[in-house]
Structures are given as C-alpha cells and as structure tokens.
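Here is a friendly walk through the model shown below. Keep the viewer open and follow along chain by chain.

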Amino acid sequence: MNEVIAFWILSAIAVLGALVAVRKRNLIHGVFALLVFFAGLSGLFLLLLAEFIAAVQVLVYIGAVGVLLLFAIMLTERVAGDDGRRMTSRGWSWGLVVAAAVFVLLLLSLWPVQQLSMPKAKDPSEFLTQISDPGYDGNSERKRILNSVRTIVNRWSN
Amino acid sequence: MRILGGGIFKGMAVTLRNFVGSYINKKERLPTNDYSWRADGALPQSIGDYPKEKGEQLSDTTTVTEYSRNFPMLLHDGGEPMDTVRCVACQICERECPPQCIYIEKDYDENGKYIKRPAVFDIDVSVCMSCQICVEVCPFDAIVMNSQFELSTPDRFGGLLVRRDDLLKSNDYYHKIHPEEAAARDQKMAVEKAAKEAKKKAAAEKAKAAAEKKAAEAAKEEAK
Amino acid sequence: MSLELLIDILIATVPLMLIFATLFAFTTWLERKALARIQNRIGPNKVGIPCTRIGLFGLGQPAADGIKMIFKENIVPRGADRLFHLLAPILALIPSMLVLCFLPLDFPWLNENSVKAFLLDGAVIFFFAITGLNTLAVFMAGWASRNKYSLLGGMRAVAQMVSYEIPLVLSAVIVVMMVGSLNAGEIAGAQKGGNWFVFSPWGFAAFVIFFIAALAETNRSPFDLPEAESEIIAGYFTEYSGFKFALFFLAEYIAMFAISGLAVTLFLGGGDGPGLAVLPWLSVIWFLAKIFALIAVMIWLRGTLPRLRVDQLMGFAWKFMLPLSILNIFVAGFAWHAEQLDNKFIMVITWLISLAVLYGAASGLNQLNRGKVRPREYKYAE
Amino acid sequence: MSELSHEPVLQQFPDAEWDEAAGAVIVPLGQARTMAEWLLGQGVDYCSNVTGVDYLEREVKEKITNDAGEVETVTRTEPARIDVVYHLYSMQNKTGPLVLKQRTSRDNAEAESLTPVWRSCDLQEREVFDLFGVNFKGHPDQRRILMWDEFEGHPMRKDYTEPFDYEWEPTPHNEILEKHQKGKVIV
Amino acid sequence: MSTAAAPNYELIQQDGLETNLLEVSMGPHHPSTHGVFRMDVKLDGETVVDLRPVFGYLHRNHEKLAENMSYLSSMPFTDRLDYFNSMTNNWAYALAAEKLIEVEVPERAEYLRVIMAELTRLVNHVSLVGFFINDLGALGTPLLYAFREREKILDLFEQASGARMMCNYFRFGGLRNDVPEGWLERAAKVVDHFPSFLDEYEQLLCENEIILSRTQGVGNLPRELAISAGVTGPMLRASGVAYDLRKVDQYGIYDRFKFRVPYTDGDTGDCYDRFMIRMLEMRESIEILKQALAGIPEGEIMGNAPRVFKPKPAESYGRIEGPKGELGFYLIADGTPKPYRYRVRPPSLINLTVLRDMCLGGKIADAVIILGSIDIVLGEVDR
C-alpha cells in the first residue's frame, strides 16, 4: 500500500513539474520546475529499488544538467529581468503532432512493463532488510530494470 | 627548499600562538582588557563592567583616564557657585569656538550695570567637538575640560544643551578628575596672581609715591 | 506494520536532527569564541542565564541569536521573486539535513534494521548527488533576490561548487577503490583498528584534497567567495534577513558537519578509536570528536587566511587539484596492487615512491601555477 | 630643498609677470599650456597643488612716490578676478616650488587645463571647476566632483550665499529654538 | 608623454562576442570602500571594464569654513581631515602658518613633533595593512592585531593631548602642552615592543601564498604615470621613486635623524609593493622614534607666538610627508585674523587619480584591494 501511495505522490510531483516546466514564461522558473520533475523521477526510481539509478538521476540530471541549463540561461539571457517573450513557437501544431506520436509510442510500450510488476514485498520493512541484506543481489534488480528498458527499446525499434 | 604552503603554515602558527597566548599571556595579547601595562596600572574607573544594571547610575566622576577631555565645564572656587565663578562673560570663547557651540549672555544687576558673570552660559554638547580651544583662549582659567562621558540622552534640546548651572563645577572636582593639569593651572594662576599683585603693589606704590610727591609739592606750594 | 516503519524512521532521524541542530548552536558559539581568541578578543561572554549576571562563557549567545533571528523582520526586496526567495533557504537546508543520514553513526538506541535503512549501497554516491543540490539553492537565492551582488554571488557559488565537486569526488574514489564498496558502513568498517586511510601517502593526499575541496563546497574561508564581504557585500544572501537568513546559516553549518562527517568516514576511520571494545557506543563520541577536530581546523583557517580571487580559485581547482587527484588515483591503484603482494619491503618502497611522486607533482603544479609570485627584495635610499 | 628659480621661465616667456609678494609667476593669457609643456621638458615633472583663489573687486590703498618725489596715498580699484594657482616641483631634481598663476575674470572664468601635461591636475581642476566655476579648456572630463551634478552656484566664491535650506546647526537659541518649538527645525 | 595623456572615459569596446555589461554601483554603502566612497563599475562577468570614482558624500567645505574663522580655530578641523592621522595634519597646517608669522619652534617641541608624527605613521601604516588584508578577505585577524598595537599608541596620544584621535595638539610655534611626566618612558616601552610585533605581523602576512598571489601583479602603477599623476607617499615609492619629503624638504628637524627610505626599482609597482613598502617604512619610523626619544632635550614647549594673530599679507605653502602622502596647506593671508584663502592639498584625493588606470582589466576583487592599497580616508578626499 505504502509504495502505491508513494508512487502516486511522486508521479503527481513529476507530472506537475513537467507541466510547469513547459508552461512557465520565466525561463529560470521553468528550469527549476524541470528539476522538480527530475527529482520526482528519481523518487520513482528509488521506489523501483533502483537506488543507483536514482542517485545517478540526481547527480547527473539535477546536479549537472540542471546547473548546465542554468548556466546556459545565465549566459544568454538577461537573468536579472524576465522579458515576456513569446513562449510558443509558430510551428506549435507540428510540435503537437510529434508529441502525440511520442505519447502513443510510449503508451504502446507500456503494457509489457506492467507484466514485469514491482517486487512483491508483503512487508515494507522487508524492502529495507532486503537492501541491507548482505546476500541481497543488487545486480538482479539492476538487471530487471535494464531488461524492462531493453524491452521498451526493442518494442519501439521493432 | 620552500615547503608547499609554507607561508600559510607560518601564518597559522602565528594565529595559534595568539590563540593560546590570549589565555596564557593576557597582558600581552589582550591589552584592551588588561590595563596593568598602563602607567597607573588600574582599570579605568567605571569601565570594568560597562553596561550597568538598570538603575545603577554612573557616578559624577566617571572618567576614562585623567588625561581625557570630553566637553567644557565652568570652574568656580567653591562655595555658592555663582559667587565664586571665574567666568566674567567676556565672550572670547564664544567667538573663538570653532563649531560655535557656546552661547553667552552677560549678567546685569537691576540697575543695568554689568556684573562680571554670565547670566546664560549654554554649551550644545551635540555640536561641541571637544577641541579645547575655549580652554586655551580663556584669559581667566574659567573654562576647562570635563571628562565625563555618559552624556547620551533622547532629548535634543533639554539634555544636550547643557545650561550654566550644570556646567558649573568646583575646582576640587577639577582636581579630582585632572590632578596634574589642575595643579599646574593653579600654580600658573598663583604666579599670575602674584605678578598681578606685585604689579598692583608697584602701581599702588607708584601712585602713593606720586601722591606723596604731589602732596609734597602741594605742601611746597603751600609753603610758598 | 507501516506504523512500526514510521516509528523506526522517526527513531533514526529525529535524534539525528536534534543532535546536529544542538551541535550547530554550539558550533556557532565555538566559532565566535575561537575566532575571538585568535584575534585577541574575548568573544561572547555576557549572555548566559537570563535575568542573572551569570555569563557561562557566553553559552547563551546562540539561543539569544536564534530568538533574535526568529523575531526579526522578514524583508523581501521589491522586484524579487517572492516564491524563490522563500524556497531558496529551505532548499538549502533540506539536502544538507538529508545527507546526515548517510553518515555511519552507530547510535546505541538504533536496532539492527532501522539504522541500516540509511546505509544504502550507494551511500557515497547519494551523498555527492544530494550535496550537489546546494548549488541550486544558492543560485536560486542569488537570482531571486534581484540584487546584482546576490547574482554575482550566486554565479560565483555555482561555478565554484561545480568545479570543486570534481576533486572532491575523485579523492573519495580512492577510498571507494581501496575498499571496493560505496557503502559508508563498510568503508568505516574497513578502517577499524587504527588502519585509517589518512595514514598512507595516497590517503593523506586524498584527504588533503578532499578537505580543501570540502572547504570550497561549504563556502568556508579561504574559498568564501560567494559571500565575500569585502567585494560583494554578502553574496547570495545579501537580501536575506531574519529567519530565512538563519536557515541559510543553519544549512551552511549542517553542510559543514555533513562533509566533515564524510571526511571522517572516508579517511579518519569513522567511529574508530580506543576504548571501543569496552564501550561500543563510544564510537559515536569518537565520530563527533573527529568532526569537531575538522571543524576546528576550518575555524583556524578562517581566522588566518584571506580569500582567493575568482580566477585563482578556478585555476586552483582545475590546474592543481584535478591533475593531482587524478594522479593520486593512479598512485593508489599501484599501491593497491602492491598491497596484494603482501610484502613488507615492496610496501615500503611503494610508500616512498608514492610520497615522492605526490609531493613532486604537487610542488611542480604549484610552481607552474604560481609563476613569478614570490617574496621580493627592496631597496633603500639614504 | 633648493629653490626652483623663476628666472628661466621669465626669460623664455617674456610676457610672464613675476609677482614678488606672492612669489608666483603670472602666466600670460593663452600660454599656460605651452609654458607647462616647456616646464615639463625642463624637468618640472610634478604638479603638487592646484587651486583657485577668488578676489572680489576691491579698493586698494597704495603709497606711491609721485613725480614730485612726494609720498602719496592713492586709492585704486583692483578688478575682480580668479587666480588658478599651480604649485610645481621637480621630482627628478628635487627642487621646487614654482608657483604658476593663471588669471581670469570672475564673470566668465576660463583657464587652460594643464591635465594633459600633468595628470595630477585632473581631479584638482575638476574641484576648482566645481567650487570656483572656472571653466578649464581642454579638460577631458570636466564634471562636478564634490557637489552633486544638479547643484547650482560655486560655493568657494567669496560672494556665494547659502541657499535657504542650508543646514546650519548653531546652538539652539533665539530663532532656531523658536523654529524648533514651532516644529520647523528637525534636529 | 603618453602616460600623461588624458584618461579615456569612453567605454572600452571589446572585440568579438557582444555581451551585456553589468553595471554595479559599489558604495556609498559598501563594506570595503573605506567610507562613503562610490565606484560606478561596469563589469564584464567579473572583469572591470570601466570604473568611475564618485565622491563628495562627506563634503563639508572645510576650506570655506576655515576662511571664516581665525587661524587657531581651524586647527581642530584639520584633525577631521584624515582622522587617522590628526597629528600630521596639525603639523602640516602649523608648518604653513608658521611660515606666515615667522615664529621659532623650541627644540623640545620639534622633537615631540617628530615623535608624534612617526607614531602617527606607525598607527596609519599598521592599520592600513590590517584593512588591506581585510579587503583581501581575511576575517579581520591582522586588523585586530594592528588595532591591538594601535591602541597602545592611541593611549600615548591620549595621555599627551587628551584625545585619542582628534588630538588637536600642535600650535603655531610649538605644541599645546608638554607631555606628562613619565610619558617618554612609556613611549619608549611601546616603541621597543613594536619591532617584535612587526616580526610576528610579517610572519603572518608577508609569505602567505594567498596574499602573494592576490597582490602581486595587481594594480600596477608605472613610474611615469605615478609621477605625472602626482601620486605621493608610500604609493609613489612603491612605484620606484625615492621621494620622501622628510629627506627632500627636511622640514622640522628631520635632517638630524638617520633613516632610510625604502623604495622599489619600479618594475612592478603593484599592490604587494605598496603593502611591503609600508611594512618597511614602519621599521624606519621606529629607528627615527628611537633616536628622537633618546635625544629629546628638556625645555620650553611653545614659542612666543600669540594664540590669535594677524599675519602680514603673504602666501605660504607648507607640506609634509604625511603617512598617506604629501599633505600640503596653502594659505593666503590678507592682514586679518582670518586666512583669505585656505587650501588643503589632500594626498588621498590626488592618489585616487590613478584608481581607474589601475583597476581596468582586473577583477572586481582586484578593484577592492587596489582601493585598499591606495589608502584613502574619505574625510580627506571630500573635505
């Protein structure tokens, strides 16, 4: 139950962050919203017991990509002021089409993931003992995640 | 060969020495809190634990050191202040005061005759810059510097404009706060007084001699 | 079931936060007092027990400061981004609090399961990932204040933190390499019995690099450029007052504890120390004592050194620390192989060679970077 | 320090006058820049002090010996003027001072800027411009320096009168005290 | 001479990519502008591309004030010019006025003047070094050590003159009063202790790698520019000109003392040189102080000059080697008790002429330390 609640909360955060990132006029606000989205994503990874990927998600996306974005904005934009420029380009309809296509692709690739399912831990504390257990094989988890990623990629390329 | 970062280590050694020294060798390292290196060796009165408890007043003789000066006071020679005040309201100090902080009015008796003392003598402490020029130009040794420092008040005109009666201090008080200077001033005054008296005496004798001469001449004339 | 989990989590986290918040208060007092003594002053000595004149060496000062901070007016400049202005101190505090969990502190009240909740396999990686968030908080504060000094401070901070994270991580890599694990508990365990990593040439070099980079990461003197008082007022928290400022202050000190704690874990043997066999809970005391030793050095440095200039700071990170820490990784690799041979003589040779290589490289890099900078002679005219 | 003789200057520039009382060379009109450049070539490399002096129109009583050989007191009117005074030294020869004065009228005060010759005149000439209202021809950046840009008048002129809102704080007596009691003076 | 060319106040244009410049107004409220001084700085990133000093916030028209009061009355106002060095300010003014009234200064007074002036130099240089290192970013440690020693000297000033900073001690023709009994011994004690403090100070600062790399090659002032811009004092000597008025003019009784003037060979003239020249000058001041304290005679302290006087119409220019540079007073007497013209030649102001030249191209942190190494006091700049 717990992980389900956590999943929904984190998903909500991620989706909201992504939406705000797209909608915000102010670029800096947008970047920070994007970072919130990354953070939510990292939480989702953690929920999948992919702690390494979660850490890397934080390290690379929030720590490096986010700062890179901020730097880029800082060096190209007038950071001290937010000039209300057009936030949508003229070819937004094409963008909509591409986005819809990507969404459909993702939707198609979603069903095998459900089959993979999350680890069936009856007891949440088992989660933790599982991690700290010396015999716990982190590799198998990673493999599982990798497999799912591979499946998605395969499906998409086929 | 220079050690890598040697200058930084040297500096750190100095700060460490000072850190330890401030516990061991207070005389050397914490001189502002240890006055034993001073000539008189004593912690200045009233500095010791400065922020006093509420209601605990600083005494009238607060002074940082006996050399310090803060703002002027008027001297009198004891007794009823206005009887023995030295100031004659000549207004030299008012004229010479660089920031123009002195205000004097002469005193007149009921007949409109000028009596040699001030009716009003105000010093605006907020304007005064403690320069001591008034003390120097005063020919009567009537104005000297006080060293009381507790003068803060919220009242700009009531508190910071010091009136004549508050400025009047006895010579004894002056001796208490600036012993060396007061003694020197007294001596100087005595010398001046003696010279004046001698001059007066000489003048009197001269007058007497002249009178005698005149008398003698008159007598002569009479005798004629 | 989930209630038990909650209790477990609370038992693990709340004391941690309480202890470090108290230590923070104590450290502010310690720093002020020590700096005062270094500068031949007395430091806070009046505030003790209220309504009495008992000073208690000024130990009441942090409490008084805290109360003052809470009741101070919260000023947000006109034109500032109100939301980010508010979020920045919170975002600064959360990561620094969070990483405290990854320190291998064996509190006696923690049972086997609960304590290990935080001893994730990738604790070290998590540590660096999460401390990296500080950068964002600092930038947020600098940007949201809408003050040119704040912005300059924020830009400096971002550049500085990003640059120094690399030598920081690279020097930690050495320990990870030697132990073969990212788990903080395992790293601390590998150094049991005085077998600390700092007692080897590569370990020492890594420790020094780590410590210097940690100074830069936490914006401590001589790398306190983001808040360089004499240049840009107070850098990114120029426009902060009251409780928000206090949060920044708290975050900075907690980050100091965290990064010192990591240094202790990686190089100074964690909770290792004498007397552990008799009293196992002493390890916590040892751990904290080591953290305080490092913080004392930080204070000492702060009392001694002026700060670097921006370009020198960057040059130091990229031209000195980075090559040296990469070289150090190779040295440590060779040393690891030499260790596998289990031969005393080879070990000694390895030690000497690595000492020579590291020192030679350091002084060579130093010479390269410093150029003609050296004390000069002066002439006199009669 | 040995004196820097004014004789060579007078020889080089016959139009220049020597003011004995002030010990200064009065620079002939329009020759300040050339004279300064010549002096710089002579090793006078250091201009210590630049300032202005304002003289109002005044009557001077002078004793002169008239043709008959009698001493006579004559009153003559000295026109108003502003002097710009330069104190020059030579750092390489360690000699000085040589005082130069540029004379100009008060109404349309104008002098040649010596900043291109000696950089030290830069801020000081700006100060003279600010406080005396002397316009320096050839100064690269003539702005007010001590007073604010919008300020009117030149405070160091002798006939300058304070504006009505001049903040003057004497002892609070008479009208000041009255004003204060009426709440007009905020002290 | 190219260096004497007019300063170019045009914005420096950079080739290649165009970036927006950040305009920062540093001051008048800024921790390290040493008072209410303002620098309008244009920054490209952190690099200073334009700098314009703005001052006048502390302007009180000291000169006009002095023209409306007697010669003696403006003596206390000279204290407030460079409030760190009231003694030397007094001396410069006294020197100029003494030229007008032609009064002899007694021997003992001359010695005491030298002692006071050199103690002032110690106070100024030691605290300047402290402030300078503070500008470099130290947490005030060197400054507080400096203040610890300064305190002892200020105590001496207080015992002699009654005030610690606004001494108002010099008079035309001598000094206001003699020093109290035992003062000379106390002064000797302070002076004897000073070198050991300087040793410690040098150990703390002079080899510190951070200070070396921060100050060397920063704010170079070439010799020709320094001379042309009328830069004086330690700053001039750091640029390689051994020009010290104590040697050149030999005012007072400076010809009797044996001391050396430290200077550089003029290759660098950067902040480090300015800082070190001051450190070395303190040693020489101590030498002078030792000689003066050993050689001071007994006797009168005040020549027979009246307190209020009317000098004959004349002009005089008196200048001394103040701790910050050449401090000059230009007086024109017109036969009244007030000076007709009273002018201060402020070394702080004139040394600021070259601020822009030294700062351009440096970082913003360099601008701060260059300003610190010039050693200005706004009381004197704005007058």
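## A hairpin in chain B

Let's begin with strand β2 (residues 102–108) of chain B, which pairs with β3(B) in the antiparallel sense over 7 bridges. To find the register in your viewer, look for I104(B), which stands opposite F121(B) in β3(B). The two strands, β2(B) and β3(B), make a hairpin with 5 residues between them. In that turn, G112(B) has a positive phi of about 80°. Keep in mind throughout that this is a predicted model.

β3(B) has another partner as well: strand β5 (residues 161–162) of chain B pairs with β3(B) in the antiparallel sense over 2 bridges. Here the bridge partner of D124(B) is L161(B) in β5(B).

## The open sheet of chain B

Elsewhere in chain B, 3 strands form an open sheet with mixed pairing, in the order β4-β1-β6. β4 (143–146) and β6 (168–170) of chain B each have a single partner strand and stand at the edges, so one side of each is left without a neighbour in the sheet. Direction ignored, neighbouring strands of this sheet are turned by 55° against each other on average.

Within this sheet, strand β1 (residues 71–76) of chain B and β4(B) pair in the antiparallel sense, with 4 bridges. One handle on the register is L74(B), whose bridge partner in β4(B) is I143(B).

## Q132(B), a buried loop residue

Is Q132(B) buried or exposed? Q132(B) has 23 C-beta neighbours inside 10 Å, and therefore counts as buried, since the cut-off for a buried residue is 20 or more. Q132(B) is found in the loop between β3 (114–124) and α5 (133–137) of chain B.

Leaving out residues up to four places away in sequence, Q132(B) touches R69(B) and M145(B), along with G162(E) and N168(E). I143(B), the bridge partner of L74(B), is 11 residues from Q132(B) along the chain, and their C-alpha atoms are separated by 9.3 Å.

## Where chains C and E meet

How many residues does each chain give to the contact of chain C with chain E? Chain C supplies 34 residues and chain E supplies 39 residues. On the side of chain C that touches chain E, the elements that give two or more residues are α1 (2–38), α10 (229–232), α12 (282–304), α13 (310–341) and β1 (379–381) of chain C. The residues on that side of chain C divide into 14 nonpolar, 7 polar and 13 charged.

Strand pairing also joins these two chains. β1(C) pairs with strand β6 (residues 261–263) of chain E in the antiparallel sense over 3 bridges. In β6(E), Y263(E) is the bridge partner of K379(C).

## Two helices packed in chain C

Two packed helices are described by the angle between their axes and the distance between the axes. For helix α2 (residues 61–71) and helix α11 (residues 242–267) of chain C, the angle is about 135° and the axes are 6 Å apart. α2(C) and α11(C) are therefore oblique to each other.

On the α2(C) side, the residues involved are G66(C), M69(C) and I70(C), which meet G242(C), F243(C), F245(C) and A246(C) in α11(C). The residues of this contact divide into 5 nonpolar, 2 polar and no charged.

## Chain D: layout and confidence

Chain D holds 4 helices and 9 strands, arranged along the sequence as α-β-β-α-β-β-β-β-β-β-α-β-α. Of its 187 residues, 38% are buried. Among the contacts in chain D with a separation of 6 or more, 54% are between residues 24 or more positions apart. One strand that is hardly covered is β4 (residues 58–65) of chain D, where the count of buried residues among its 8 residues is 0. β4(D) is joined by 8 bridges to strand β5 (residues 71–78) of chain D, and the two run antiparallel. I64(D) stands opposite E72(D) in β5(D). The hairpin of β4(D) and β5(D) has 5 residues between the strands, and G69(D) takes a positive phi near 90°.

How far can you lean on the coordinates here? Chain D has an average pLDDT of 81, with 86% of the residues scoring at least 70. In chain D, confidence is highest in helix α3 (residues 121–132), at 89, and lowest in helix α4 (residues 174–181), at a mean of 64. Where pLDDT is low, the predicted coordinates should not be read in detail.

Key: Residues are numbered from 1 along each chain as its sequence is written. Chains are lettered from A and ligands numbered from 1 in the order in which they are written. This is a predicted model: local features need pLDDT of at least 70, side-chain atom pairs count only at pLDDT 80 or more; totals for chains, interfaces and linings use all residues. A residue is buried if 20 or more other C-beta atoms lie within 10 Å of its own, exposed if 12 or fewer, and partly exposed in between; C-beta atoms are placed from the backbone. Two residues are in contact if their C-beta atoms, placed from the backbone, lie within 7 Å. Two strands pair if DSSP finds at least two bridges between them. Axes are lines fitted to C-alpha atoms, for helices over the stretch in contact, and angles run from 0 to 180 degrees between N-to-C directions. Ala, Val, Leu, Ile, Met, Phe, Trp, Tyr, Cys and Pro count as nonpolar, Asp, Glu, Lys and Arg as charged, and the others, Gly among them, as polar. pLDDT is the predictor's confidence in each residue, from 0 to 100. Angles under 35 degrees count as roughly parallel, over 145 as roughly antiparallel, 65 to 115 as roughly perpendicular and the rest as oblique.
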